[in-house]
Amino acid sequence: MGIIFPYKAKVLNVSTLNHNVILLQITKPWKFDFNIGQAVDLSIDKPGYELAVAPFTLANVPTDDHLEFVIKVYENPNALTQGIAKLQPDDIVQLSYAWDSYSYKGSGTFIAAGTGITPFLPIFRNMSKNGIDVKQEHRLIYANKTKNDVLYYNKLKQLFSTKLSVILSRTKSKNLPFGKIDKDYLLNLVQSTEQNFYICGPQQFEEDIKTHLITIGVKHDYIQTGYKF
């Protein structure tokens, strides 16, 4: 027997964002509510996926009439993400109730790796919608392996201008710095430790960044991560 989900939704579209990331758009189930920064557990309503469940952050805002998810597709042929990438319009997915992942607590620095940018997208969109000049009180540090892995670069550059810092760790690019986010890198960009820090990426990335921030004097209470440790 599989997991019982409270909601089902139809697939509207699956589109490609880059070589291994897709955008899944589905209908919003009746009476489904969520807040910016929340996530759901998701599965495919087809035989063979009864126990295939994974968490995904909602990538759009509650006022939209549909739901969006930015999903990295893993190479394992049995991975749920492989099945999601092959979904067609009108296929059915199943959703849990929305649960808390990130909450916006005020101005500060967002630090993301790869698809870790996902939970921050609706936060940025909501600020812009409310007339807030995002770059005035926020900075985005965005780590990726290659230039092709960077998601929504033009949109992010428009929002953050000089407050956007993209760094690559696997291949070099003419206009982007190469390396990893370490203590020295953060010291060059973080002008104050008395601000909020929002971190999202693989668990080891989040742990490393949190450790670096604490080392340079940031208090635990100012740091949010997706993984709890």
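**Briefing: pockets, cavity and parallel sheet**

The residues that line the largest pocket comprise 25 nonpolar, 17 polar and seven charged. The model described here is predicted. In this model the largest pocket encloses about 1400 Å³ of space, whereas the largest cavity has a volume of about 30 Å³. An open sheet of five strands, paired in parallel, is also present, and helix α6 lies across four of its strands, namely β8, β9, β11 and β12.

**Largest pocket**

- A total of 49 residues line the largest pocket.
- Those nearest the centre of this pocket are A113, T115, G116, G201 and P202.
- Two or more lining residues come from each of β4 (54–57), β5 (66–72), α1 (80–85), β9 and α6.
- Helix α6 makes the largest contribution to this lining, with five residues.

**Second largest pocket**

- The second largest pocket holds about 250 Å³ of space.
- Its lining consists of 14 residues, and A59, E68, L121, R125 and K155 are the ones nearest its centre.
- Strand β5 and the helices α2 (121–129) and α4 (153–160) each provide at least two residues of this lining.
- By class, the lining of the second largest pocket has eight nonpolar, two polar and four charged residues.
- Strand β5 thus appears in the linings of both pockets, giving two or more residues to the largest and at least two to the second largest.

**Cavity**

- The structure contains one cavity of 30 Å³ or more.
- The residues lining the largest cavity are K105, N196, F197, Y198, D221, Y222, I223 and Q224.
- Strands β11 and β12 are the elements that each give two or more residues to this lining.
- Strand β11 supplies the largest share, three residues.
- Four of the residues lining the largest cavity are nonpolar, two are polar and two are charged.

**Parallel sheet and helix α6**

- The strand order in the open sheet is β10-β9-β8-β11-β12.
- Strands β10 (164–168) and β12 (223–225) each have a single partner strand, so one side of each edge strand is left without a neighbour in the sheet.
- From one strand to the next, the twist averages 15°.
- Strand β8 (residues 108–113) runs parallel to strand β9 (residues 138–144), and six bridges join the two.
- Within this sheet, T109 is placed opposite R139 of β9.
- Helix α6 (residues 203–215) runs at about 155° to β11 (196–200).
- Both β9 and α6 also give two or more residues to the lining of the largest pocket, while β11 and β12 do so for the largest cavity.

**Surroundings of Q94**

- Residue Q94 belongs to strand β6 (residues 92–95).
- With a relative accessible area of 12%, Q94 falls under the 20% limit and is therefore buried.
- Beyond its neighbours within four places in sequence, Q94 has contacts with F5, Y7 and K8.
- Further contacts of Q94 are made with D41, L42, S43, I44 and D45.

Notes:
Residues are numbered from 1 along each chain as its sequence is written. This is a predicted model: local features need pLDDT of at least 70, side-chain atom pairs count only at pLDDT 80 or more; totals for chains, interfaces and linings use all residues. Side-chain values use heavy atoms; hydrogens and water are left out. Two strands pair if DSSP finds at least two bridges between them. Axes are lines fitted to C-alpha atoms, for helices over the stretch in contact, and angles run from 0 to 180 degrees between N-to-C directions. Contact means heavy atoms within 4.5 Å. On a 1 Å grid over the protein atoms alone, a cavity is a set of points where a 1.4 Å probe fits but cannot get out, and a pocket is an open set with protein on both sides within 12 Å along at least five of seven lines; lining residues have an atom within 4 Å of a point. Grid points are joined across faces, edges and corners, and a volume is the space filled by probe spheres set on the points. Ala, Val, Leu, Ile, Met, Phe, Trp, Tyr, Cys and Pro count as nonpolar, Asp, Glu, Lys and Arg as charged, and the others, Gly among them, as polar. Buried means under 20% relative accessible area, exposed over 50%, partly exposed in between (1.4 Å probe, protein chains only).
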